[in-house]
Every structure is written in structure tokens, then in C-alpha cells.
Amino acid sequence: SKMKTMLRALLVLACAASAAAFAPSAALPSTTLRRAASHGPSMQLYKSGSLQGKGVNIIPIFERPDSLTGDLVGDQGFDPFRFSSWVNMKYCQEAEIKHGRIAMLAFAGIMVESIGIKAPGVEKVFGSTKDIFEIHNIAVEKGSMGQILLWCGLFEMVAGWPAMMETLNGDSSRIPGDFGFDPLGLGKGDKLARKQLVEIKNGRLAMLAVSGIVHHTLITGKGPLG
């Protein structure tokens, strides 16, 4: 139908726009770069010679608060309720990164399930349903959710909480979200700054996407792919 064709076109355009947002500058046309430079917000990279977001005010009608110092990844000057003036922003960014990572995993899992891809043995336990709420309820009933809660909670107590305390220590140099886990060396050298920015932007997008999928399923009774 026309509505489905329109939705598919919007989805393609949204994906193209998202890809362009994270593409290296060399991959973008020079006209696009000039237009972005003249009209778009500055997107410095954290610890790449200039502070991330220093002086950037993503929505001009909301004044950038002085409490946003521009030293955190993804800082775009948006804080209309002035949370940054009374909440430790390292704590906030640690929480944002953690939620973003969970949301990225959740989005990937939802889409894989919606496509119909299942790991061996899963269908015997959960059946053939693609409904995310039905799968959740079965996982609670079978004890799968309990295991996830147990192991994630254990990891949080052993690694997450001590890392958070270290971050909140004024003398600590730990970056929020950094657990020193990089077995492939993907963040070595000058690669880390861009990867930190890409992660937090994708995490924010994933949180919005998962929220949209959950509400869409509640309202329509259908998954993200119909």
C-alpha cells in the first residue's frame, strides 16, 4: 500500500541520515561539509585537542549553562532544567553510557527476533512467537530473566559499583564507562576519541528506538516489522 511504501522510504532516509552522521569527513561531499560547517553545530572530539562541545549550544533558545564545562563526551550544551548545576555529571554520563549500551543490545536482540533468527534450542523453550512481551513473560516463567538479573547484578557489584566510586572520586582520572576492556585494541591512539563519541550517539539513538518499539508494540500489538 501507499502507507507501507511511504514508511519504507522514511526508514531508508532515516538510515542514510544516521550513516552520514557517523561517516568520516572524507566520505562526505565537499558541499555537504561546507553546508554543515556554516549551519550545523561544531562536533569536536573529546580529548582531540579541543574540548568536546565547548561553546556548542545545540538548541539556541535554551541558554548553555555555565555548569557544562565541555569536558564530557557528547556535550552539546542542552540542559534546560540545569541538572548539571546540582548533579555530578560524571555519574550522569556513566548512567547514560550504561543505559545506551543496554539499549543497543536490546535493539539488536529485538530486530534479530523480529526477523525470525533463533539460536539452536531457543524455539523449544520459547516457542515460535515474535512478540517481545510474550517472550519476556516466558523468560520470567522459565527463569531466564532471573539468571540475567543474577549475573548482571553480580557483575555490577563486583565491577560496576567500584568503578563508579572511582569515577566520583575527585582525584580519579577514570573516564565514565571505561572498564579497561579492549582486547582487540580498537581504542588505541587517536581512535578512542571518535569511538567514544560514536558510542554515546548510537546509545542515545538506541534508547529512543527501543522506547519507540516498546510503545508501538503496546499500542498496535505488532512488532517493529509488523
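**Figure 1. Val210 and its contacts in the predicted model.** Once neighbours within four places in sequence are set aside, Val210 is in contact with Ala103, Ala106 and Phe107. The model shown here and in the following views is a predicted one. Val210 belongs to helix H7. With a relative accessibility of 15%, Val210 counts as buried, because buried means under 20% relative accessible area. Val210 and Phe107 also illustrate how residues distant in sequence may be brought together: 103 residues separate them along the chain, and 5.9 Å separates their C-alpha atoms in space.

**Figure 2. The chain as a whole.** The secondary structure of the chain consists of 7 helices and 0 strands. Read from the N terminus, the order of the elements is therefore written α-α-α-α-α-α-α. The chain has 226 residues, of which 23% count as buried. Among the contacts between residues at least 6 apart in sequence, 48% join residues that are at least 24 apart.

**Figure 3. The largest cavity and its lining.** How many cavities of 30 Å³ or more are counted? The count comes to 1 cavity. In general terms, empty space is revealed by rolling a probe the size of a water molecule over the atoms. The volume of the largest cavity is about 40 Å³. Its lining is formed by Glu96, Ile97, Gly100, Arg101, Met104, Glu199, Ile200, Gly203, Arg204 and Met207. Helix H3 and helix H7 (191-220) each supply at least two residues of this lining. By class, the lining of the largest cavity contains 4 nonpolar, 2 polar and 4 charged residues. Glycine is counted as polar in this division, and Gly100 and Gly203 are among the lining residues.

**Figure 4. The packing of helices H3 and H6.** Helix H3 packs against helix H6 (residues 144-168) at an angle of about 145°. The axes of H3 and H6 are 9 Å apart, and H3 passes H6 in a right-handed crossing. Which residues of the two helices, H3 and H6, meet? On the side of H3 they are Lys90, Tyr91, Glu94 and Lys98; on the side of H6 they are Glu156, Met164, Thr167 and Leu168. By class, this contact of H3 with H6 has 3 nonpolar, 1 polar and 4 charged residues.

**Figure 5. Ser114 in helix H3.** Ser114 is located in helix H3, which covers residues 89-115. Is Ser114 buried or exposed? Ser114 has a relative accessible area of 12% and is therefore buried, since the limit for a buried residue is under 20%. When neighbours within four places in sequence are left aside, the contacts of Ser114 are with Lys130, Pro224 and Leu225.

**Figure 6. Ile61 and Phe81 in the loop between H2 and H3.** Ile61 has its place in the loop between helix H2 (30-39) and H3. Phe81 lies in the loop between H2 and H3 as well. The relative accessibility of Ile61 is 73%, so Ile61 counts as exposed. Phe81 is likewise exposed, with a relative accessible area of 65%. These assignments follow because exposed means over 50% relative accessible area. Ile61 and Pro80 are 19 residues apart along the chain, and their C-alpha atoms are separated by 9.4 Å. Phe81 and Pro65 are 16 residues apart in sequence, with a C-alpha to C-alpha distance of 9.5 Å.

**Figure 7. The backbone at Arg82.** Arg82 is found in the loop between H2 and H3. What is the phi of Arg82 near? The phi of Arg82 is near 60°, which is a positive value in a residue other than glycine. As a general rule, most residues other than glycine have a negative phi. At 29% relative accessibility, Arg82 counts as partly exposed, because partly exposed covers the range between under 20% and over 50%.

Terms used. Residues numbered from 1 in each chain as written. Predicted model: local features only at pLDDT ≥ 70, side-chain atom pairs only at ≥ 80, totals over all residues. Heavy atoms only, no water. Helix = DSSP H or I, 4+ residues; strand = E, 2+ residues; numbered from the N terminus. Buried < 20%, exposed > 50% of the residue type's maximum accessible area, 1.4 Å probe, protein only. Contact = heavy atoms within 4.5 Å. 1 Å grid on protein atoms, 1.4 Å probe; cavity = no way out; pocket = protein on both sides within 12 Å on 5 of 7 lines; lining within 4 Å. Points joined across faces, edges and corners; volume = space filled by probe spheres on them. Axes fitted to C-alpha atoms, helices over the stretch in contact; angles between N-to-C directions. Left-handed = near helix turned anticlockwise from the far one by under 90°.
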